[in-house]
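Hi everyone, thanks for coming. Could you pull up the sequence and the structure before I start?

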Amino acid sequence: MEMIKWCMKLKNGIELVAPNDNLCSAYIKKAETALSAASALKENKEWEVSSSYYAMYFSLYAVMSKIGVKCENHSCSIAFMKEFLSEKFKKVDSDFLKKAMQARVDMQYYSNRSIDDQFYQKMMKDAPIFLVECKEIINSIKQDEINQIRNKLEKIKEEINKNHK
């Protein structure tokens with residue numbers, strides 16, 4: 001929970017906004033576009049990895065938009081997933097997304113780093129599955145579940161504000 005508190009204090013970190021089905025749909029579309037790009041980029045591992053990661057990240061962000069959570073920090077979004085969506089995702093899902101984020105960084109920003117071929121294959125295989133899982137969550141999440149998550153975040157926000165007065 002300390003990571004969540006830190007993320008809520010961070011500029012462009014976790015914040016509550018109005019739930020937005022239009023934004024949710026827009027991020028699903030971005031995820032689908034990123035998956036299409038990954039498929040079209042065969043033979044270019046760097047961009048396949050990047051596109052696959054973004055397909056998964058946009059899928060998660062669609063779920064967050066459905067709930068009404070905004071966050072521009074990828075590590076904080078993954079921390080949110082791990083902390084507040086643990087009934088929707090398995091721990092291996094958040095661990096995988098975190099590792100995929102690092103793979104994207106390594107491939108895009110460093111010329112002397114590469115990723116394990118086995119993990120690369122797993123990213124290519126699992127990115128579409130992750131998108132489907134996120135769509136299922138969006139379609140099945142109940143309003144009371146959304147309210148519970150929002151209430152927990154509101155309490156953390158109140159605690160942060162109280163401690164900073």
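I'll walk through the disulfide, then a couple of helices, then the aromatic rings, and end with two buried serines. Keep in mind that this is a predicted model.

Okay, cysteines. A quick reminder: a disulfide is a covalent bond between the sulfur atoms of two cysteines. How many disulfides does a search of the whole structure find? The search turns up 1. The partners are Cys7 and Cys76, and their sulfur atoms sit 2.1 Å apart. Now look at where they come from. Cys7 is in helix α1, residues 2-9, while Cys76 is in helix α4, residues 74-84, so this pair ties together parts that are 69 residues apart in sequence. If you like handedness, the torsion about the S-S bond is about -85°, so the disulfide is left-handed. Cys7 and Cys76 are both buried, by the way.

What about Cys71, which is in no disulfide? For Cys71, the nearest cysteine sulfur belongs to Cys76, and that one is 4.8 Å away. For a disulfide we'd want the two sulfur atoms within 2.5 Å. Cys71 is buried too, with a relative accessible area of 2%.

Then there's Cys24. Its closest cysteine sulfur is in Cys134, at 9.5 Å, and that is too far for a bond. Cys24 also counts as buried, at 4% relative accessibility.

Let's stay with α1 for a moment, since Cys7 lives there. Which residues of α1 are buried? They are Ile4, Lys5, Cys7 and Met8. Look down the helix axis and you'll see those buried residues fall within an arc of 165°, so they line one face of α1. Flip to the face turned away from the buried side, and you'll find the exposed residues Glu2 and Lys9. And what lies over the buried residues? The cover includes α4 and α7, the latter being residues 143-163. You've met α4 already: it's the helix that holds Cys76.

Next up is α3, which runs over residues 45-67. Here's a nice sanity check you can do yourself. At 1.5 Å a residue, the 23 residues of α3 should span 33 Å, and the end C-alpha atoms are 33 Å apart, which agrees. Is α3 mostly covered or mostly uncovered? Mostly covered: 19 of its 23 residues are buried. Right after α3 comes Gly68, and its phi is positive, near 95°.

Now, rings. We describe a pair of aromatic rings by the distance of the centres and the angle of the planes. The whole structure has 10 aromatic pairs. I'll show you two of them. In one, Tyr53 and Tyr54 meet edge-to-face, 5.3 Å centre to centre, with 70° between the planes. That angle is over 60 degrees, so the pair counts as edge-to-face. In the other, Tyr54 and Phe58 form a tilted pair, 5.4 Å centre to centre and 35° between the planes.

Where do Tyr54 and Phe58 sit? Both are in α3, 4 residues apart, which is about one turn of the helix. How much of each ring residue is uncovered varies: Tyr53 is buried at 0% relative accessibility, Tyr54 is partly exposed at 22%, and Phe58 counts as buried at 14%. Buried here means under 20%, so Phe58 makes the cut-off with its 14%.

Zoom out a little and these rings belong to one aromatic cluster, made of Tyr27, Tyr53, Tyr54, Tyr57, Phe58 and Tyr61. Phe58 has another visitor: Lys30 lies over its face, at 4.8 Å from the ring centre. You can see that kind of arrangement elsewhere as well, where the charged end of Lys45 sits over the ring of Tyr120, 4.8 Å from its centre.

Last bit: two serines. Ser59 is found in α3, and it is buried, with a relative accessible area of 0%. What does Ser59 touch, if we skip residues up to four places away in sequence? Ala31, Phe130, Leu131 and Cys134. Ser94 lies in helix α5, residues 91-109. It is buried as well, at 3%. Leaving aside neighbours within four places in sequence, Ser94 is in contact with Ile78, Met81 and Lys82.

That's my tour. Which part would you like to look at again?

Conventions
Residues numbered from 1 in each chain as written. Predicted model: local features only at pLDDT ≥ 70, side-chain atom pairs only at ≥ 80, totals over all residues. Heavy atoms only, no water. Phe/Tyr/Trp six-rings, centres within 6.5 Å; stacked < 30°, edge-to-face > 60°. Buried < 20%, exposed > 50% of the residue type's maximum accessible area, 1.4 Å probe, protein only. Helix = DSSP H or I, 4+ residues; strand = E, 2+ residues; numbered from the N terminus. Lys NZ or Arg CZ within 6 Å of the ring centre and 35° of its normal. Contact = heavy atoms within 4.5 Å. Arc of directions from axis to C-beta. Expected span 1.5 Å × (residues − 1).
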